Amino acid sequence: MLNKAFVFDFDDTLATTDCKVEIIEGGNIVRELTPAQFNTFELEEGQSFGFNQFNKLIDPVALPLTKLAVEVQSENHNVFILSARPEKATEAIDGFLKSIGIEAKKVICVGGKPVDIAKAKRTVLMAIIENHDTVWFFDDDDKNIEEAKDIQN
């Protein structure tokens with residue numbers, strides 16, 4: 001039997017939430033971004049991201065792709081969550097997924113620090129690929145998908 005992995009982004013792929021990423025300037029929140037806006041937002045000089053809301057889940061709603069995650073898990077394939085959220089959000093994501101019947105092999109959060117999210121996700125995907133015969137990757141962000149294209153097996 002082939003060793004398969006299904007890797008899902010969380011925000012806007014498996015679920016939506018009311019969480020926002022804060023843009024901080026001069027110690028004040030000057031703007032809030034949705035996860036989709038955060039994917040492509042570039043900070044200006046003197047700005048930084050705030051992830052207070054992203055350490056938890058606010059009003060999560062499962063999206064249709066969760067059905068695929070439940071289905072492949074029931075077929076004994078590995079389900080991974082690969083999120084741009086900060087590491088502190090791991091438990092909240094895992095708890096929500098368990099509440100809807102998804103037991104992820106691992107929830108991996110690569111955000112919350114100044115990194116290129118697409119490249120960080122690519123690095124994690126390469127490690128998952130090393131241990132599986134086939135890997136499928138699901139993400140709502142074009143840059144993340146583009147980074148992953150040439151490494152999928």
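How many cavities of 30 Å³ or more does a search of the whole structure find? The search finds one, and since the coordinates belong to a predicted model, this report describes the computed geometry of that model.

**The cavity**

The volume of the largest cavity is about 100 Å³. Its lining is made up of 15 residues, and those closest to the centre are D9, D11, P35, N39 and A84. Two elements, helix 1 and strand 7, each give two or more residues to this lining, with helix 1 providing the largest share, four residues. Sorted by class, the lining of the cavity holds eight charged residues alongside five nonpolar and two polar ones.

D9, one of the residues closest to the cavity centre, is placed in the loop between strand 1 and strand 2. Is D9 buried or exposed? With a relative accessibility of 4%, D9 counts as buried, because the cut-off for that class is under 20%. The side chain of D9 is joined to that of T13 by a polar contact of 3.0 Å. When residues up to four places away in sequence are not counted, D9 touches L14, L82, S83, A84, K121, F138, D139 and D140. A84 therefore appears both among the contacts of D9 and among the residues closest to the cavity centre, and D9 itself counts as buried.

**The largest pocket**

The general principle behind a search for empty space is that rolling a probe the size of a water molecule over the atoms shows where such space is left. In this model the largest pocket encloses about 360 Å³ of space. It is lined by 18 residues, of which F38, N39, F41, V115 and I117 are the closest to its centre. Helix 1 (35–40), helix 4 (117–130) and helix 5 (142–149) each supply at least two residues of the pocket lining, and the largest share, three residues, comes from helix 1. N39 is listed among the residues closest to the centre of the pocket and also among those closest to the centre of the cavity. By class, the pocket lining consists of 10 nonpolar, five charged and three polar residues.

**Helix 4**

Helix 4 is one of the elements that supply the pocket lining. How far apart are the end C-alpha atoms of helix 4? They are 20 Å apart, which agrees with the span of 20 Å that 14 residues should give at 1.5 Å a residue. At the N-terminal end the helix is capped by D116, whose side chain places an oxygen 3.1 Å from the backbone nitrogen of A118.

The buried residues of helix 4 are I117, A118, A120, K121, V124, L125, I128 and I129. In an α-helix there are 3.6 residues a turn, so residues three or four places apart point the same way. The buried residues of helix 4 pack against strand 1 (4–8), strand 7 (78–86), strand 8 (106–111), strand 9 (134–138) and helix 5. K121, which is on the list of buried residues, is also one of the residues that D9 touches.

**Individual residues outside helix 4**

R31 is found in strand 4 (residues 28–33), and L68 in helix 2 (residues 65–74). Leaving aside neighbours within four places in sequence, R31 is in contact with V21, E22, I23, Q37 and F41, and F41 is one of the residues closest to the centre of the largest pocket. The C-alpha atoms of R31 and F49, which are 18 residues apart in sequence, are 9.8 Å apart in space. L68 touches F8 and F138 when residues up to four places away in sequence are not counted, and its C-alpha atom is separated by 16 Å from that of S99, 31 residues apart along the chain.

Most residues other than glycine have a negative phi. Against that background, D12 has a positive phi of about 65° although it is not a glycine, and D59 likewise has a positive phi, of about 50°. D12 is placed in the loop between strand 1 and strand 2, while D59 is placed in the loop between strand 5 (47–50) and strand 6 (61–62).

The accessibility values of these residues are set out below.

| Residue | Relative accessibility | Class |
|---|---|---|
| D9 | 4% | buried |
| L68 | 25% | partly exposed |
| D12 | 29% | partly exposed |
| R31 | 40% | partly exposed |
| D59 | 54% | exposed |

Methods: Residues numbered from 1 in each chain as written. Predicted model: local features only at pLDDT ≥ 70, side-chain atom pairs only at ≥ 80, totals over all residues. Heavy atoms only, no water. 1 Å grid on protein atoms, 1.4 Å probe; cavity = no way out; pocket = protein on both sides within 12 Å on 5 of 7 lines; lining within 4 Å. Points joined across faces, edges and corners; volume = space filled by probe spheres on them. Nonpolar A, V, L, I, M, F, W, Y, C, P; charged D, E, K, R; others polar. Expected span 1.5 Å × (residues − 1). Buried < 20%, exposed > 50% of the residue type's maximum accessible area, 1.4 Å probe, protein only. Contact = heavy atoms within 4.5 Å. Polar contact = N/O pair within 3.5 Å; in protein donor to acceptor, adjacent residues only side chain to side chain.
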